[in-house]
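User: Hi! I'm new to reading protein structures and would like to go through one step by step. Could you help me with some questions?

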Amino acid sequence: MTEEPHPELRAAVRRLCLRFPDGYWRQLDRERAYPEAFVQAMTEAGFLGALIPRQYGGLGQSLAEASVILEEVNRSGGNAGPCHAQMYTMGTLLRHGSEAQKRAYLPRIASGELRLQAFGVTEPAAGTDTTGLRTTAVRNGERYVVNGDKVFISRVQHSDLMVLLARTTPLERVPKRSEGLSVLLVELREAIGKGLEVEPITTMVNNETNRLRFRDLEVPTGNLIGEEGQGFRYLLDGLNAERILIAAECIGDGRWFIERAAHRAREREVFGRPIGQNQGVQFPIARAHIDVEAADLMRFRAAELFDRGEPCGAEANMAKLLAADASWAAANAAMQTFGGYAFDVEYDVERKFRETRLYQVAPISTNLVLAYVAEHVLGLPRSF
Ligand SMILES: Cc1cc2nc3c(=O)[nH]c(=O)nc-3n(C[C@H](O)[C@H](O)[C@H](O)COP(=O)(O)OP(=O)(O)OC[C@H]3O[C@@H](n4cnc5c(N)ncnc54)[C@H](O)[C@@H]3O)c2cc1C
């Protein structure tokens with residue numbers, strides 16, 4: 001095998017992750033607690049500011065490098081989910097914020113003084129149909145007044161800022177559904193209890209996620225990012241980065257499962273020989289490894305295009321699908337290899353199995369990736 005790209009960066013992330021071993025994540029999972037110490041360490045190391053340009057205090061790294069950081073977290077047995085959003089959510093501010101907004105927020109995000117971990121898009125009545133969202137932001141002098149409901153909005157209780165997508169022009173007054181949506185930066189500490197109610201949702205993974213109710217929440221007009229009505233376009237701009245970073249996390253998960261499964265298959269003896277001597281045990285692990293390696297090529301292909309500023313929608317979506325499928329195949333291979341022990345929480349397989357399953361559904365479901373490729377790559381008629 002050739003050497004993996006970015007070996008020094010990988011080694012640095014691995015060193016940090018060694019301080020947060022399996023038991024750390026297991027306990028958090030049991031308590032459904034936020035990895036405060038881990039997020040703090042990642043911030044101090046500069047990793048969560050990887051994509052923030054140096055002039056604003058970040059590391060100014062490429063998306064390929066940022067993806068390696070998240071991959072290594074998941075590969076170590078951890079879960080980058082509680083902190084990954086900062087990397088891609090910040091991109092909306094970076095690409096579309098005013099210079100004053102960037103100066104006000106980015107250095108403080110890079111230093112860890114502020115966390116921008118939350119983004120509010122999904123709604124109970126709209127779901128995958130983002131342009132059908134119903135949360136409104138109505139301008140009233142120097143303020144927007146926000147009303148509506150969101151669901152599955154993660155990390156709100158552990159973030160200072162949230163990027164919110166809301167409708168600023170009613171659907172019936174826009175030529176296209178994708179117009180009339182705007183992005184607002186919500187200062188969560190100001191908002192909670194003063195127009196924003198947060199109700200936690202318990203999910204099958206340790207991911208702090210919430211229902212949000214906006215009732216006349218006031219947001220200063222100065223917190224509008226970019227132009228009013230162009231928010232959906234800004235959201236789309238950030239999606240490729242998100243897809244590539246999530247693909248990298250899946251690749252990290254996949255490698256963790258394969259390493260653990262191969263180790264178990266070598267060590268565990270039944271019928272007087274290692275279970276890994278049986279092809280029925282070897283082959284699913286070998287196949288999952290092949291799938292992960294293939295997904296990895298697509299991840300770097302997509303990241304290279306992104307970093308050169310070239311179109312990469314198809315590659316980013318394909319990388320996300322291939323990587324999520326590969327990690328899921330690896331998860332199943334590991335479950336089967338560990339037999340009954342896979343169900344014992346002390347082995348961490350069931351925890352990682354639950355965690356990696358999320359990526360078939362969020363942040364974009366497999367069907368929607370397939371619909372994108374069918375329509376935008378293959379020219380098939382739009383299905384919805
Ligand atoms: C743990 C967790 C954390 C999350 N964090 C966030 C967050 O921080 N911010 C945020 O905004 N959202 C977040 N989400 C929401 C997530 O992005 C959505 O759950 C996801 O986009 C799917 O939307 P939905 O759940 O409404 O599914 P639905 O829209 O109800 O879809 C259900 C199923 O139907 C399929 N489907 C729907 N329409 C079609 C179609 N036309 N063709 C084929 N299949 C279709 C979908 O692919 C899906 O599999 C999170 C979700 C979870 C579970």
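User: Which domains does the domain assignment give for the chain?

Analyst: Happy to help! Keep in mind that we are looking at a predicted model. The domain assignment divides the chain into domain 1 (7-111), domain 2 (116-229) and domain 3 (233-377).

User: Which helix gives the most to the side of domain 1 that touches domain 2?

Analyst: Let's begin with the two domains, whose centres, taken over C-alpha atoms, are separated by 23 Å. Their contact takes 17 residues from domain 1 and 16 residues from domain 2. On the domain 1 side, helix 2 (22-31), helix 5 (81-96) and helix 6 (99-111) each supply at least two residues. The biggest giver, with ten residues, is helix 5.

User: How many residues of that side of domain 1 are nonpolar, polar and charged?

Analyst: Here we sort the residues of domain 1 that touch domain 2 by class. They divide into eight nonpolar, seven polar and two charged.

User: Are helix 5 and helix 6 roughly parallel or antiparallel to each other?

Analyst: A good way in is the geometry: two packed helices are described by the angle between their axes and the distance between the axes. For helix 5 and helix 6 the angle is about 150 degrees, and the axes are 9 Å apart. An angle over 145 degrees counts as roughly antiparallel. Helix 5 and helix 6 are therefore roughly antiparallel.

User: Which residues of helix 6 does helix 5 meet?

Analyst: From helix 5, the residues taking part are M90, L93 and L94. By class, the contact of helix 5 with helix 6 has six nonpolar, one polar and one charged residues. The partners in helix 6 are Q101, K102, Y105, L106 and I109.

User: Between which domains does the ligand lie, and why?

Analyst: Of the 21 residues around the ligand, V121, T122, G127, T128 and S365 come nearest. Strand 1 (116-120), strand 3 (143-154) and helix 12 (366-377) each give two or more residues to this shell. Because both domains give residues to the shell, the ligand lies between domain 2 (116-229) and domain 3 (233-377).

User: How many charged residues does the shell around the ligand have?

Analyst: Sorting the shell by class gives eleven nonpolar and ten polar residues. The number of charged residues in the shell is none.

User: At roughly what angle do helix 8 and helix 11 cross?

Analyst: Helix 8 covers residues 231-267 and helix 11 covers residues 349-357. Their axes come within 11 Å and cross at roughly 155 degrees. That makes helix 8 roughly antiparallel to helix 11, and the crossing is left-handed. So the angle to remember is roughly 155 degrees.

User: Which residues of helix 12 make the contact with helix 10?

Analyst: The axes of helix 10 (residues 313-338) and helix 12 come within 10 Å and cross at roughly 145 degrees. Helix 10 brings G313, A314, N317, M318, K320, L321 and A324 to the contact. On the other side, helix 12 brings T366, V369, Y372, V373, H376 and V377.

User: Which residues does the cis peptide bond join?

Analyst: Most residues other than glycine have a negative phi, and most peptide bonds are trans. In this chain there is a cis peptide bond with omega of about -5 degrees. One of its residues, P363, is found in the loop between helix 11 and helix 12. The bond joins A362 and P363.

User: What is phi of F152 near?

Analyst: F152 is found in strand 3. Its phi is positive although F152 is a residue other than glycine, with a value near 60 degrees.

Notes:
Residues are numbered from 1 along each chain as its sequence is written. This is a predicted model: local features need pLDDT of at least 70, side-chain atom pairs count only at pLDDT 80 or more; totals for chains, interfaces and linings use all residues. A residue is near a molecule or strand if its C-beta atom, placed from the backbone, lies within 6 Å of it. Helices (H or I, at least four residues) and strands (E, at least two) are DSSP runs, numbered from the N terminus. Ala, Val, Leu, Ile, Met, Phe, Trp, Tyr, Cys and Pro count as nonpolar, Asp, Glu, Lys and Arg as charged, and the others, Gly among them, as polar. Domain bounds come from an automatic or database domain assignment. Axes are lines fitted to C-alpha atoms, for helices over the stretch in contact, and angles run from 0 to 180 degrees between N-to-C directions. Angles under 35 degrees count as roughly parallel, over 145 as roughly antiparallel, 65 to 115 as roughly perpendicular and the rest as oblique. A crossing is left-handed if the near helix is turned anticlockwise from the far one by less than a right angle, and right-handed if clockwise. Two residues are in contact if their C-beta atoms, placed from the backbone, lie within 7 Å.
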